[in-house]
Structure formats: structure tokens, C-alpha cells
Amino acid sequence: MIRNSILTSSFILSIAALGSATSGAQVREAVAAVTKTDVAVSLYGAFNGTTNGNGTTQSPSNAAGGLIEVRHIVNPIIGYEGTYSFNRANQTYSSYNQACPVDVTPPCASSPVAAVSADAHEVTGNWVASVKFANLRPFALAGGGLLFNQSSGSQTNTTSSTKGVFDYGAGLDWRVLPHLGLRFQFRGNLYKAPDLTKLYTSTGAFTHTSEPMIGVYFRL
């Protein structure tokens with residue numbers, strides 16, 4: 001009787017241990033199925049708006065750029081990424097008569113014009129929410145960082161400018177291969193216009209850059 005009892009207890013403990021191990025493996029598999037880390041490279045167009053303020057009209061040029069992302073998805077609600085992007089960010093400054101009507105375009109611009117060749121480097125950290133459907137993963141993001149505008153070449157009367165930036169966006173990942181896919185997204189940046197010339201005061205106004213993107217990602 002005692003021996004049978006011991007055998008029965010050992011059998012029950014073995015079944016419990018096996019069940020626990022199986023359950024743990026299932027949990028790990030479920031977590032692994034959700035948790036994703038990827039590295040992406042995208043090309044984009046940076047489309048900027050003109051700002052007016054402090055007697056200055058500031059007109060940034062549109063340009064092409066590149067973005068590098070490292071993204072980690074924990075679950076549909078929790079995800080995060082770090083990004084670095086670069087594009088040309090030439091600026092044109094001119095003065096205007098503040099007494100002119102605000103609906104005049106351009107607002108009474110006058111010479112001389114100060115043109116500054118510049119580069120823009122942006123570093124951000126973002127929160128990401130995403131949902132997976134088959135081989136598609138739509139996502140939305142929001143965050144902030146720093147925008148470094150630096151005059152390029154040996155230009156006179158120029159300086160560099162560092163501004164805080166708020167960025168947001170949405171897009172879609174399309175998995176083509178098990179670890180490789182295409183990423184389509186739109187990002188928007190909101191920041192104060194950079195002050196890159198000593199000949200004019202910056203407008204001091206908030207400006208917006210629209211960035212439609214297409215890229216590839218590699219899922220680790």
C-alpha cells in the first residue's frame with residue numbers, strides 16, 4: 001500500500017511537472033509570437049512650410065532624406081523605437097513690412113535675401129502601437145527628440161541651431177519574406193523654425209515638415 005501510494009504520488013508529480021513545462025513553453029511561444037524587433041531603412045521627401053514673424057520671412061527648401069529605425073514591439077499597445085534621419089535643409093531669409101496685410105503672399109518681401117545651405121540631423125524616440133493581420137501590420141507612433149540644423153561649407157554670417165521636435169506618424173508593414181518586408185509610412189515633424197543666419201532674426205514661429213516614406217525592414 002505504501003509503495004503504491006509512493007508510485008501514485010510520483011506519477012502525479014511527473015504529470016504536474018510536465019504540464020508546467022508545457023504551459024511555460026506555450027507562454028514563451030506566445031510572447032515570442034508578439035514580441036518583435038526590427039531594423040529599417042527608409043527614403044523620404046521632406047516638404048516644408050514658409051513662416052513669417054519678427055519682420056522675417058523664412059522659406060525652407062524641400063529635399064530628399066533617409067531614415068534609420070530600430071523598433072521593438074512588446075504587444076499591440078506597447079512598442080518603442082529610436083530613429084536617426086538626415087536631409088538637406090536649405091533656408092532662405094528675407095525681410096518684410098509687418099504693416100502689410102497678412103493675406104498678401106509673399107508678405108511684402110524685400111531684398112537682400114540671405115540663402116543658407118544647411119543639413120538637418122534628427123534623433124527621436126517614439127512610442128509605437130501596432131496590430132498584426134496576416135502578413136500586414138498597421139501602426140501609429142508619436143514621440144519627440146532633437147533636430148540639429150547645421151550650415152554647410154564655408155559660409156559667412158551663419159550659425160547652427162538645435163530645436164526640440166515633436167513627431168507623429170502612421171504606416172503599414174507588409175511582410176514579404178519571414179524576416180523581410182516593406183514599410184510604408186507618413187511622418188510629421190513640428191518644431192520652431194531654425195535660426196541659421198546672423199543677418200536676420202528667425203521668425204520664431206512653429207513650422208511643420210511632412211515626410212512620406214517608403215523603406216525595407218529586417219526582423220530579427
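**Exercise 1.** Does Q58 count as buried or exposed, and at what relative accessibility? Then work out which residues surround Q58.

*Solution.* The model is a predicted one, and the steps below should be read with that in mind. Begin with the secondary structure: Q58 belongs to strand β3, which spans residues 56-60. Next, take the relative accessibility of Q58, which is 1%; because buried means under 20% relative accessible area, Q58 counts as buried. Then turn to the surroundings: once residues up to four places away in sequence are set aside, Q58 touches T50, T51, Q91, T92, Y93, A193, P194, S202 and T203. Finally, consider the side chains, where a polar contact of 3.2 Å links Q58 to Y93.

**Exercise 2.** Identify the residues that make up the largest nonpolar core, and describe the contacts of V116.

*Solution.* Y93, whose side chain has a polar contact with that of Q58, is also one of the 6 residues of the largest nonpolar core, together with A114, V116, A118, L196 and Y200. For V116, leaving aside neighbours within four places in sequence, the contacts are N90, Q91, Y93, S151, Q155, T158, L196 and T197. Another core, of 5 residues, lies apart from the largest one, and includes A89, A120, V165 and Y191. As background, nonpolar side chains tend to be buried together in soluble globular proteins.

**Exercise 3.** Locate T158, and determine which polar contacts its side chain makes.

*Solution.* T158 sits in the loop that runs between β9 (136-151) and β10. With a relative accessible area of 16%, T158 is buried. The side chain of T158 makes a polar contact with the side chain of S151 at 3.3 Å, and it also reaches the backbone oxygen of Q155 at 3.5 Å. Beyond four places in sequence, T158 is in contact with V116, S151, L196, T197 and K198; V116 and L196 in this list belong to the largest nonpolar core.

**Exercise 4.** State in what order the strands close into a barrel, and then examine how β10 and β11 pair.

*Solution.* The barrel consists of 8 strands, in the order β1-β4-β5-β8-β9-β10-β11-β12, with antiparallel pairing. From one strand to the next, the twist averages 25°. Within this order, β10 (residues 161-177) and β11 (residues 180-192) pair in the antiparallel sense over 12 bridges. To place one of these residues, take R175, whose bridge partner in β11 is G181.

Definitions and conventions:
Residues numbered from 1 in each chain as written. Predicted model: local features only at pLDDT ≥ 70, side-chain atom pairs only at ≥ 80, totals over all residues. Heavy atoms only, no water. Core = buried A, V, L, I, M, F, W, Y, C linked by side-chain atoms within 4.5 Å. Buried < 20%, exposed > 50% of the residue type's maximum accessible area, 1.4 Å probe, protein only. Contact = heavy atoms within 4.5 Å. Pairing = 2+ DSSP bridges. Helix = DSSP H or I, 4+ residues; strand = E, 2+ residues; numbered from the N terminus. Axes fitted to C-alpha atoms, helices over the stretch in contact; angles between N-to-C directions. Polar contact = N/O pair within 3.5 Å; in protein donor to acceptor, adjacent residues only side chain to side chain.
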